[in-house]
Amino acid sequence: MKKIKLLIASALVCLAIPQYSLAQNSVFDRLKQKVKDRANQKVDESMDKGLDKAEETAEGEVKKGTGKSKGSAESKSTASENTASQSYASRDAKSFSRYDFVPGEQIVYAEDFSQDVIGEFPLKWITNNRGEVVTLNGQTGKWLRMFHTSHFVSPPMKNLSENYTVEFDMVLTFPNDGSVYPELRFKLFNSPKDDANGKKYLQNFDSKGDVVIVFSPGEEGGSSIRLESNRDGRNEFVNDQKGLKKLDSYYGRPFHVAIWVQKQRLRMWIEGEKVYDIPQVVPSDIPFNRMDMEVTSGIQEDNQIGLYLSNIKFAIGSPDMRNKLINEGKFVTNGILFDVNSDKIKPESYGVLKELGTVLKENPTVKVKVIGHTDSDGDEAKNMDLSKRRAAAVKKALSTDFGIDASRLETDGKGETQPIDANTTAEGKAKNRRVEFIKL
């Protein structure tokens, strides 16, 4: 009888072991999930510090936030997007006081994704993964949202000459949780004529030659940047990683990147601060005609970060303001920029205004009429008024900031009535949004 009881007890114990193991595994699974949930909650709390009261629209527009995230950058997020709310008007123009960038004379490619559908990938671009066009609360226009482990490649453009400029705006938002963020690799490269759709490039990302600028975002001044160039798969130039301490202070708001190439020389500015001026870096005799923005892999979920790109502009040639204005009697520029539907001059216009101020100071007897022009978006009468106000704003800036006697400057505006290109493309609209200076 004792043997029977012992066998029964042993059997019960054996039956209980797997049951206990299963229960233990269940506890571990729940504990693991709890840890994950708390980690996510910490991230959410960090991001929520910069959120206003939210209202999500049917178009997927994002929730609006009140507080400030790390780096005093206002931010917003939802499950699908992070956004920025600080406008260009609130940017510190003093940071551009030493800005000597002057955009190229002739626009050969421009992209603001205005023709693309919200939530869709831009029609003219290609990718090996995914991206989507979005709007950002507090910002005008549309932006390309870029996701992890993806390449975002522009359509081919006119071959860039020995003298050209590149500009674009980015918004970066991160959870500030101490994790490593994805890198952004901006590349100018040569795309052969037989690869117009970019399929060959997306197979191995090789090109005859390229220049690559690598942004490595970090926290607490820990960001860095690196520059390299390659020819036929071999490094032609590589520099060491250098600190980019200010980058994290721009998180959550747009910042402007400008690049100026003159033969092998490359200069680069971020928010008016010169980051590079290297005399021999660009491969000679290789005409670039395409750009690629790569986002490397990251450990964050898609809803934890936001990487956005817009307002891309390529222009060739260096404007000779002195000769155009003084000798030819007319200078036209697309380099004086304004907030949308506003006469507020953007700080990145400083380089052009400074150069104009110098020319006018060197020719004190010259009088000039400043004429504003717009594209055809919006109401015609409002565009006419806007162009006049923008011309007046340029006059005020030249007088107040650069010491030009206001009596030497007259103003006028033509609105959308004198286009120099079609208003059906981003390039055409960018050319039509211009300021003319006519020698009187």
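Begin by selecting R433, which is placed in the loop between α6 and β23. Helices and strands here are DSSP runs numbered from the N terminus, a helix being H or I over at least four residues and a strand E over at least two. The model is predicted, so local features need pLDDT of at least 70 and side-chain atom pairs count only at pLDDT 80 or more, whereas totals for chains, interfaces and linings use all residues. Residues are numbered from 1 along each chain as its sequence is written, and side-chain values use heavy atoms, with hydrogens and water left out.

**R433 and its partner**

R433 is partly exposed, with a relative accessible area of 33%. Buried denotes under 20% relative accessible area, exposed over 50%, and partly exposed the range in between, with a 1.4 Å probe and protein chains only. Display next the residues in contact with R433, neighbours within four places in sequence being left aside: N334, H373, T374 and D375. Contact means heavy atoms within 4.5 Å. A distance drawn between the C-alpha atoms of R433 and G415 reads 9.1 Å, the two residues being 18 apart along the chain.

Now select D375 together with R433: their side chains meet in a salt bridge, at 2.7 Å from N to O. D375 lies in the loop between β21 and α5 and R433 in the loop between α6 (426–432) and β23, so the pair ties together parts that are 58 residues apart in sequence. A salt bridge requires a side-chain nitrogen of Lys or Arg within 4 Å of a carboxyl oxygen of Asp or Glu. D375 is buried, at a relative accessible area of 8%.

**Helices α4 and α5**

Select residues 350–362, which form helix α4. This helix of 13 residues reaches 18 Å from its first C-alpha to its last, close to the 18 Å expected at 1.5 Å a residue. The expected span is 1.5 Å times one less than the number of residues. Colour G351, V352, L353, L356, G357, V359 and L360 of α4, which are buried. An α-helix has 3.6 residues a turn, so residues three or four places apart point the same way. The buried residues of α4 pack against α3 (321–327), β20 (330–333), β21 (368–373), α5 (380–402), β22 (409–415) and β23 (435–439).

Add α5, whose 23 residues reach 32 Å from first C-alpha to last, close to the 33 Å expected at 1.5 Å a residue. Its buried residues are N383, L386, S387, R390, A391, A393, V394, A397, L398 and F402. Among the elements that cover them are α4, β21, β22 and β23.

How do α4 and α5 pack, and at what angle? The angle is about 70°, with the axes 10 Å apart. The axes are lines fitted to C-alpha atoms, for helices over the stretch in contact, and angles run from 0 to 180 degrees between N-to-C directions. The two helices are therefore roughly perpendicular to each other, a class that covers 65 to 115 degrees. From α4, Y350, L353, K354, L356, G357, L360 and K361 make the contact; from α5, V394, A397, L398 and F402 do so.

**Strand β6 and a buried glutamate**

Move to E132, in strand β6 (residues 131–134). E132 is buried yet has no salt bridge, and the nearest side chain of opposite charge, R145, is 4.3 Å away. In assigning charge, Lys and Arg count as positive and Asp and Glu as negative, while His and the chain ends are not counted. Show the residues that E132 touches, apart from those up to four places away in sequence: G119, E120, F121, W143, L144, R145 and F147.

**Further salt bridges**

Select R130 and D302, which form a salt bridge with their closest N and O atoms 3.1 Å apart. R130 is in the loop between β5 (126–127) and β6, and D302 in the loop between β18 (290–295) and β19 (306–316), 172 residues apart. Both ends are partly exposed, R130 with a relative accessible area of 38% and D302 at 32%.

K200 and D194 form another salt bridge, the closest N and O atoms again being 3.1 Å apart. K200 is partly exposed at 46%, and D194 is exposed at 53%. Select finally D100, R265, K274 and D277, which are linked in a network of salt bridges.

**The whole structure**

Zoom out to the full protein, which has 6 helices and 23 strands. Buried residues make up 51% of its 440 residues. Of the contacts between residues at least 6 apart in sequence, 69% join residues at least 24 apart. A search of the whole structure finds 23 salt bridges.

Conventions:
Angles under 35 degrees count as roughly parallel, over 145 as roughly antiparallel, 65 to 115 as roughly perpendicular and the rest as oblique.
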